[in-house]
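Open your viewer and get ready to click around. We'll go stop by stop, selecting a few residues at a time and saying what is there.

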Amino acid sequence: MTYGCQTWSMTQAVGQKLRVAQRAMERKMLGLKFTDKISCKEIRNKTQVSDIVQSIAKQKWKWAGHVARLQDNRWTLRVTEWQPRNGKRSRGRQARRWRDDIVRTMGNTWTREAKDKEEWRRGAEGLILQWMDGA
């Protein structure tokens with residue numbers, strides 16, 4: 001269900017859909033029906049499965065640190081820093097980009113800060129808490 005989630009642009013709607021799907025799977029694992037009226041907290045305590053949005057945030061944070069520490073000119077680093085400059089911008093709100101979550105948590109200098117691996121690992125809590133509140 002989370003294959004390639006490190007590269008997703010996480011929005012509130014996507015997070016909600018993932019949580020709903022996870023709760024449905026947990027109910028199915030326990031053999032419960034929706035009409036049984038058992039709270040999500042009770043189901044989560046029985047299954048001992050971590051929240052899907054939290055695990056995606058951890059994986060994305062680890063991947064961002066890895067990409068920022070790349071030394072050679074790989075496409076992953078080039079795509080992360082790429083800014084399209086040609087053509088007319090489409091109407092409406094800008095589309096959410098992969099790096100927007102990281103920039104919102106760590107600022108525009110996140111690539112420099114990710115060079116220190118231990119410090120980057122400690123900064124993961126901020127992103128995870130931000131996503132748990134509803135990105």
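**Stop 1: the core**

Select W61, A64, A68, W98, I102, W110, A114, W120 and A124: these 9 residues make up the largest nonpolar core. A nonpolar core here is a set of buried Ala, Val, Leu, Ile, Met, Phe, Trp, Tyr and Cys residues joined through side-chain atoms within 4.5 Å. Buried means under 20% relative accessible area, exposed means over 50%, and partly exposed is in between, using a 1.4 Å probe and protein chains only. Now colour the helices: α3 and α7 (117–132) each supply at least two residues of this core, and α3 gives the most, with 3 residues. Helices are DSSP runs (H or I, at least four residues) and strands are too (E, at least two), numbered from the N terminus. Apart from this core lies another one, of 6 residues, including C5, M10, L18 and V53. As background, nonpolar side chains tend to be buried together in soluble globular proteins.

A quick word on what you're looking at: this is a predicted model, where local features need pLDDT of at least 70, side-chain atom pairs count only at pLDDT 80 or more, and totals for chains, interfaces and linings use all residues. Residues are numbered from 1 along each chain as its sequence is written, and side-chain values use heavy atoms, with hydrogens and water left out.

**Stop 2: the tryptophans**

Keep W61, W98, W110 and W120 on screen, since ring pairs link them into a cluster. Rings of Phe, Tyr and Trp (its six-membered ring) pair if their centres lie within 6.5 Å; planes under 30 degrees apart count as stacked, over 60 as edge-to-face and the rest as tilted. How many aromatic pairs does this rule give? The count comes to 3.

Start with W98 and W110: their ring centres are 6.2 Å apart and their planes sit at 65°, so this pair is edge-to-face. W98 is in the loop between α4 and α5 (100–106), while W110 is in helix α6 (residues 110–113), so you are looking at a link between distant parts of the chain, 12 residues apart.

Are W98 and W110 buried or exposed? W98 counts as buried because its relative accessibility is 15%, and W110 counts as buried because its own is 0%.

Next, swing over to W110 and W120, whose ring centres are 6.1 Å apart with planes at 35°, so the pair is tilted. W110 belongs to helix α6 and W120 to helix α7, so this pair ties together parts that are 10 residues apart in sequence.

Go back to W98 and show what surrounds this residue. Leaving aside neighbours within four places in sequence, W98 is in contact (heavy atoms within 4.5 Å) with Q6, T7, W8, S9, K60, W63, A64, T80 and W110.

**Stop 3: A124**

Click on A124 in helix α7. A124 counts as buried because its relative accessibility is 13%. Now add A57: the two are 67 residues apart in sequence, yet 8.2 Å apart in space, C-alpha to C-alpha.

**Stop 4: the pockets**

A pocket is found on a 1 Å grid over the protein atoms alone, as an open set of points where a 1.4 Å probe fits, with protein on both sides within 12 Å along at least five of seven lines; lining residues have an atom within 4 Å of a point. Grid points are joined across faces, edges and corners, and a volume is the space filled by probe spheres set on the points.

The largest pocket holds about 700 Å³ of space. Select V79, W82, Q83, P84 and R97, which are the closest to its centre among the 23 lining residues. α4 gives the most to this lining, with 4 residues.

Which residues line the second largest pocket? Pick T11, R93, Q94, A95, R96, R97 and D100. About 160 Å³ of space lies there.

Stay on R97, in the loop between α4 and α5. R97 counts as partly exposed because its relative accessible area is 38%. Not counting residues up to four places away in sequence, R97 touches S9 and Q83.

**Stop 5: two loop residues**

Finish with K37, in the loop between α1 (12–30) and α2 (40–47). K37 has a positive phi of about 60° although it is not a glycine. Q48, in the loop between α2 and α3, also has a positive phi, near 60°. K37 counts as exposed because its relative accessibility is 71%, and Q48 counts as exposed because its own is 63%.
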